[in-house]
Amino acid sequence: MNAKLETSLLDKAIIFATKAHAGTERRGKGFPYIVHTMEAMEIVATITPDQEMLAAAALHDTVEDTDTTIEPIQAEVGERVARLVHSESDVVIEGAECDTWHARKQAAIDRLAAAPHDAKIVALGDKLSNMRAIYRDYMTVGDNLWKIFHAPNGKPDHEWHYRGLAASLSELKDTFAYQEFVELIDKVFNHD
């Protein structure tokens, strides 16, 4: 029999995320968006059992990809989870130097490099889940994959971005999740 855990905070986060993403599809994948957030949460669970970090992984895209703001998340699951979700949100600042794809991605890489350890773990869950999807799609459709993204130069831009993310997350290099992340980056961008 499995041991009992106190999961009430995580349970609330999963329900909140499920409702926030209800009826939405993961970009062109044909499956519910929530599958990605649950995968990110599972990846974080390979690094830590911290319920707040798992909750943040479940909620990581709610501010960025739904109409939800950070305030209801904070009210539902607390300040630390809200801070972690906020740190993972790629927010476009209107009129700032972050108005191009490269500037936004560089700002995100820089924020991640300066982020606290717990935020990096949550981010790794998201980034590894994304890289797994990219790898699967790349192995299926090859370089046609890059046409669905908004990066101006396609594959070279994505390589720059993902290698920058890996450098920003390098303090997690001893985790299996980070090692898988780097391995998939190498498989996609060194593939002939």
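**Helix packing and selected residues in a predicted model**

Aspartate 65 is partly exposed, with a relative accessible area of 38%. I start with this residue and then go on to the helices. Everything here comes from a predicted model.

Aspartate 65 sits in helix H4, residues 62–65. What does aspartate 65 contact, leaving aside its neighbours within four places in sequence? The partners are His21 and Tyr33. For a distance across the model, take lysine 4: 61 residues separate lysine 4 from aspartate 65 in sequence, and their C-alpha atoms are 33 Å apart.

Next, valine 85, in helix H6, residues 79–88. Is valine 85 buried or exposed? Its relative accessible area is 0%, so valine 85 is buried. Outside the four places either way in sequence, valine 85 is in contact with Ala56, Leu59, His60, Thr62, Val63, Ile70 and Ile73. Isoleucine 70, one of those contacts, is 15 residues away from valine 85 in sequence and 7.9 Å away in space, C-alpha to C-alpha.

Ile73 brings us to helix H5, since Ile73 also takes part in the contact of H5 with H1, which I describe now.

First, a word on description. Two packed helices are described by the angle between their axes and the distance between the axes.

H1 and H5, the latter covering residues 70–77, pack at about 150°, and their axes are 10 Å apart. Angles over 145 degrees count as roughly antiparallel, so H1 is roughly antiparallel to H5. The crossing of these two helices is right-handed. On the H1 side the contact is made by Leu9, Lys12, Ala13 and Phe16, and on the H5 side by Pro72, Ile73, Glu76 and Val77. By class, that contact of H1 with H5 has six nonpolar residues, two charged ones and no polar ones.

The second pair is H3, residues 51–59, with H8, residues 117–141. Here the packing angle is about 45° and the axes are 9 Å apart. That angle makes H3 oblique to H8. The H3 and H8 crossing is right-handed. H3 contributes Met53, Ala56 and Ala57 to the contact, while H8 contributes Asp118, Ile121 and Val122. Sorted by class, the residues of the contact of H3 with H8 are five nonpolar, one charged and no polar. Ala56 has come up already, among the contacts of valine 85.

The third pair is H7, residues 101–114, with H9. The axes of H7 and H9 come within 8 Å and cross at roughly 15°. Angles under 35 degrees count as roughly parallel, so H7 is roughly parallel to H9. H7 passes H9 in a right-handed crossing. From H7, the residues that meet H9 are Trp101, His102, Lys105, Gln106, Ile109, Leu112 and Ala113. From H9, the residues that meet H7 are Asp157, His158, Trp160, His161, Gly164, Leu165 and Ser168. How many nonpolar, polar and charged residues does the contact of H7 with H9 have? There are six nonpolar, six polar and two charged.

Now helix H2, residues 34–45. The twelve residues of H2 should span 16 Å at 1.5 Å a residue, and the end C-alpha atoms are 16 Å apart, so the two agree. Which residues of H2 are buried? They are Ile34, His36, Thr37, Glu39, Ala40, Met41, Ile43 and Val44. What covers these buried residues of H2 includes H1, residues 8–20, together with H3, H8 and H10.

That leaves two residues that follow each other in sequence, threonine 175 and phenylalanine 176. Threonine 175 lies in the loop between helix H9, residues 155–168, and helix H10, residues 176–189. The relative accessibility of threonine 175 is 16%, and because buried means under 20%, threonine 175 counts as buried. Leaving aside neighbours within four places in sequence, threonine 175 is in contact with Ile47 and Leu124.

Phenylalanine 176 lies in H10. Phenylalanine 176 has a relative accessible area of 74% and is therefore exposed, whereas threonine 175 is buried. Phenylalanine 176 and threonine 48 are 128 residues apart in sequence, with 12 Å between them in space, C-alpha to C-alpha.

To recap the three pairs: H1 is roughly antiparallel to H5, H3 is oblique to H8, and H7 is roughly parallel to H9.

Terms used. Residues are numbered from 1 along each chain as its sequence is written. This is a predicted model: local features need pLDDT of at least 70, side-chain atom pairs count only at pLDDT 80 or more; totals for chains, interfaces and linings use all residues. Side-chain values use heavy atoms; hydrogens and water are left out. Axes are lines fitted to C-alpha atoms, for helices over the stretch in contact, and angles run from 0 to 180 degrees between N-to-C directions. Helices (H or I, at least four residues) and strands (E, at least two) are DSSP runs, numbered from the N terminus. Angles under 35 degrees count as roughly parallel, over 145 as roughly antiparallel, 65 to 115 as roughly perpendicular and the rest as oblique. A crossing is left-handed if the near helix is turned anticlockwise from the far one by less than a right angle, and right-handed if clockwise. Contact means heavy atoms within 4.5 Å. Ala, Val, Leu, Ile, Met, Phe, Trp, Tyr, Cys and Pro count as nonpolar, Asp, Glu, Lys and Arg as charged, and the others, Gly among them, as polar. Buried means under 20% relative accessible area, exposed over 50%, partly exposed in between (1.4 Å probe, protein chains only). The expected span of a helix is 1.5 Å times one less than its number of residues.
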